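Trainee: Hi, have you got a minute to go through this one with me? I'd like to start with what sits in the middle of it.
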Amino acid sequence: MLDQGQANPDAAQASASAYLDAAGWTLGGWMLARAAAADDRYAPIADFYLRRLLPRAAARVAEIEAAEAVLALLPGQGATASG
């Protein structure tokens, strides 16, 4: 992801909020997993998070990976503008 950001800064900027969301969902799951390991009362919450909320991080990563393709559709971007 870092290499992609250096190669195409526009793509990195276009997906900046997706990076933040993916990091937030991932770190939230990590914190809940730690809490569940320390106290069984957190296990149902961690399970819910794992099954229902954490997959949102994967969706945001897919959005990040597709940023260049989306930018190519904009006027003045992509192969049609340079060629």
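Mentor: Happy to. One term before we start: a nonpolar core is a set of buried Ala, Val, Leu, Ile, Met, Phe, Trp, Tyr and Cys residues joined through side-chain atoms within 4.5 Å. Also keep in mind that this is a predicted model.

Trainee: Okay, so which residues make up the largest nonpolar core?
Mentor: That core has five residues, namely L32, A36, A46, Y49 and L53.

Trainee: And which elements give two or more residues to this core?
Mentor: Those are α3 and α4, with α4 covering 43–53. The largest share, three residues, comes from α4.

Trainee: What does A36 touch, if we skip residues up to four places away in sequence?
Mentor: With those left out, A36 touches Y42, A43 and A46.

Trainee: Let's zoom out a bit. How many helices and strands does the protein chain have?
Mentor: There are seven helices and zero strands, so to speak a plain α-α-α-α-α-α-α pattern along the sequence.

Trainee: How much of the chain counts as buried?
Mentor: Of its 83 residues, 19% count as buried.

Trainee: Back to the core helices, then. At what angle do α3 and α4 cross?
Mentor: Their axes cross at roughly 155° and come within 8 Å. Angles over 145 degrees count as roughly antiparallel, and α3 and α4 are therefore roughly antiparallel to each other.

Trainee: Is that crossing left-handed or right-handed?
Mentor: The crossing of α3 and α4 is left-handed.

Trainee: Which residues meet there?
Mentor: From α3 you have G24, W25, G28, G29, L32 and A36, and they meet A43, I45, A46, Y49 and L53 in α4. By class, this contact has eight nonpolar, three polar and no charged residues.

Trainee: Nice. What about α3 and α5, how do their axes cross?
Mentor: Helix α3 spans residues 16–38 and helix α5 residues 55–65; their axes come within 8 Å and cross at roughly 155°. That makes α3 roughly antiparallel to α5. This crossing of α3 and α5 is left-handed.

Trainee: Who makes the contact on each side?
Mentor: On α3 the residues are S17, A18, Y19, D21, A22, W25 and T26, while α5 brings in R56, A57, R60, V61, E63 and I64. The residues of the α3 contact with α5 divide into seven nonpolar, two polar and four charged.

Trainee: Last one: among contacts with a separation of 6 or more, what share comes from residues 24 or more positions apart?
Mentor: In this chain they account for 66% of those contacts.

Note on methods. Residues numbered from 1 in each chain as written. Predicted model: local features only at pLDDT ≥ 70, side-chain atom pairs only at ≥ 80, totals over all residues. Heavy atoms only, no water. Axes fitted to C-alpha atoms, helices over the stretch in contact; angles between N-to-C directions. Helix = DSSP H or I, 4+ residues; strand = E, 2+ residues; numbered from the N terminus. Parallel < 35°, antiparallel > 145°, perpendicular 65-115°, else oblique. Left-handed = near helix turned anticlockwise from the far one by under 90°. Contact = heavy atoms within 4.5 Å. Nonpolar A, V, L, I, M, F, W, Y, C, P; charged D, E, K, R; others polar. Buried < 20%, exposed > 50% of the residue type's maximum accessible area, 1.4 Å probe, protein only.
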